[in-house]
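Let's take a walk through this one together, starting from a small detail and working outwards. Have the viewer open and follow along.

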Amino acid sequence: MELKTPLYDVHIAEGGRIVPFAGYLLPVQYGTGVVAEHMAVREKAGLFDVSHMGEITFKGPTALRTLNHILTNDFTGMKAGRVRYSVMCNERGGCVDDVLVYKFGEEDYLVVVNASNRRKDFAHMAANTLEGTEIEDVSDSLAQVALQGPASPAIMEKLLPRERIPQKYYTALRGVEIDGMNCMISRTGYTGENGYEIYTACENAEKLWKTLRVAGAEFGLIPCGLGARDTLRLEAAMPLYGHEMDEDITPLEAGLSFGVKLGKEEFIGRDALVAAGEPKRVRVGLAVTGRGIIREHQDVFIGGELIGRTTSGTHCPYLGRAAAMALIDAKHAALGTAVEADVRGRRVAAEIVPLPFYVKKD
Amino acid sequence: MANIPAELKYTKSHEWLKEEDGLVVVGLTDFAANALGDIVFINLPQVGDEVTAGESFADVESVKAVSDVYSPVSGRVAEINEALLDAPERVNQDPYGAWFIKIEGAAGAEELLDAAAYEAVCAAEEEA
């Protein structure tokens, strides 16, 4: 039985095509379709319901030590109001999840996790929390919407004075009132575009959605579903849990070393990562040069030699061509390498290219 | 509601067909194109290939999914619509103009539906 987010009725009214996803009923697209929604985010603005995401608070005098123990990134010296990406590893160095960590005070953090991993993550966190840290899963009380696209700052400035809007990427402001609704505004997103993720109590969700829709109308803002969320993140080469990483893929293999501080004294999974050394397989980008679309779980070859497997792939609407990400043998990962993927029995040619496929202009 | 022209025949798997100059012209219905969403790639057979009633002869990829297209009759591919290879979005824009293949020597048809029967199939799928 799937849950409804606080915006379910709004999605129906907006013409959303509803599908089950990570235990929730969410729109995969609205009437305009995935390509139009994708292009709106690249060129104007799009609004997503991401209320399914999980939120877990970490509070208390040892909260920082707990986070440094269970997460791969280093939160020492992080300033309040900052946001930091991290992976959470198991003892084998595989990925339990990837998360965003918000710091609001020395003893006050919020960790945002993938919806599909929420229960598993909380159990893992609870089992590894140090004395003096209280953790709480507050997901059910929070709605989250993502306003993404180059027009996002102009839309926000219609609703708030500039000083109440976070100005730098990966910063956040709490206690911001939008039309009387108490919100946390984060300058983050999962599209490769400028934008915000806005958190508020569930009872505000509908009003917040409508307020943003009205403010964004003159800028061409449209509602966007899970389909565009996936094509946008893939074009921007942002990893998705269950695809580019899972319990058996390390963050170093997934190309996430920027969020893994092996120099830290200790964290769960560190010993396994150090022992494994340089990854023997790595995440690469594939630009499809042949005819067709390479999707996830397709074997990648050089001639007769199997060198890896794709983790995600689709048609990229902004680039106007197909692209995929793959985990392949490190010794075959050089840029420019010509490979082939087995697409339902047919070989489709591709080339290893730098990630991301798309970089925003400003 | 999907557009279902009365003069065409249909299959339960959402192909449309008609006879034209002794050939069977096959395409994908408006209902199917809409269900797939934005179509971004089509793989067609080659002229001269044999097709078999009830078996896949092409695949259609939308942004989110790949779907087989099944031949309503057995026969030989006489023509393919090469314009679709470069402009697959025409299936979304004009599903009954954007034919896929024309088949010669057609025999052994799958169960074919008239517009009213096909409309009932679509209605049942929308309910599900």
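Start at B:Phe41, which stands opposite B:Glu61 in strand S6 of chain B. This is a predicted model, by the way, so read everything below in that light. The B:Phe41 pairing belongs to a ladder in which 4 bridges join S4(B) to strand S6 (residues 56–62) of chain B, the two running antiparallel.

Zoom out a little and you'll find the sheet these strands belong to. It's an open sheet of 3 strands in chain B, in the order S4-S6-S7, with antiparallel pairing. S4 and strand S7 (66–70) of chain B are the edge strands, each of them pairing on one side only. Ignoring direction, neighbouring strands in this sheet are turned by 25 degrees against each other on average.

Where does chain B meet chain A? The contact takes 8 residues from chain B and 12 residues from chain A. On the chain B side, strand S4 (residues 39–43) gives the largest share, with 3 residues. So the strand we began with turns up again here, this time as part of the contact. Sorted by class, the side of chain B that touches chain A has 3 nonpolar, 2 polar and 3 charged residues.Now for chain B as a whole. There are 4 helices and 9 strands in it, and along the sequence they follow the pattern β-β-β-α-β-β-β-β-β-α-α-β-α. Its radius of gyration is 13 Å, close to the 14 Å that the globule rule gives for 128 residues, so chain B is as compact as a globular protein of that length. Along the principal axes, the C-alpha trace of chain B spans about 40 × 30 × 20 Å. Buried residues make up 42% of the 128 residues in chain B. As for contacts in chain B with a separation of 6 or more, 65% of them come from residues 24 or more positions apart.

Time to cross over to chain A, whose secondary structure comes to 8 helices and 20 strands. For its 362 residues, a compact globule would have a radius of gyration near 21 Å, and the 20 Å of chain A agrees with that. The C-alpha atoms of chain A fill a box of roughly 65 × 50 × 45 Å along the principal axes. Here 49% of the 362 residues are buried. Among contacts in chain A between residues at least 6 apart in sequence, 67% join residues at least 24 apart.

One feature to look for in chain A is a closed barrel of 6 strands, which runs S15-S18-S17-S16-S19-S20 with antiparallel pairing. Neighbouring strands in the barrel are turned by 45 degrees against each other on average, direction ignored. Strand S15 (residues 281–288) and strand S20 (residues 346–353) of chain A, at the two ends of that list, pair in the antiparallel sense over 4 bridges. If you want a spot to click on, try A:Leu286, whose bridge partner in S20(A) is A:Ile352.

Helix H7 (residues 226–235) of chain A packs on this sheet, touching strand S17 (305–316) and strand S18 (321–329) of chain A. The direction of H7(A) makes about 125 degrees with that of S17(A). How many residues of this helix are buried? H7(A) is mostly covered, with 9 of its 10 residues buried. Among them are the charged-looking names you might stop at, A:Arg229, A:Asp230 and A:Glu235, along with A:Leu226, A:Leu232 and A:Leu234. What covers the buried residues of H7(A) includes S17 and S18, but also strand S2 (17–21), strand S3 (24–29), helix H2 (34–43) and strand S4 (46–49) of chain A. Just past the helix comes A:Ala237, whose phi is positive, near 60 degrees.

One more stop in chain A: strand S13 (residues 195–201). Of its 7 residues, 6 are buried, so this strand is largely enclosed by the rest of the structure. S13(A) has antiparallel partners to trace. Strand S10 (residues 142–148) of chain A is joined to S13(A) by 7 bridges, and A:Leu147 stands opposite A:Tyr196 there. Strand S12 (residues 181–186) of chain A pairs with S13(A) over 4 bridges, again in the antiparallel sense. In that pairing, look for A:Met184 opposite A:Tyr199.

Technical notes:
Residues numbered from 1 in each chain as written. Chains lettered and ligands numbered in written order. Predicted model: local features only at pLDDT ≥ 70, side-chain atom pairs only at ≥ 80, totals over all residues. Contact = placed C-beta atoms within 7 Å. Pairing = 2+ DSSP bridges. Axes fitted to C-alpha atoms, helices over the stretch in contact; angles between N-to-C directions. Buried ≥ 20, exposed ≤ 12 C-beta atoms within 10 Å, placed from the backbone. Rg over C-alpha atoms; globule rule 2.2 N^0.38 Å.
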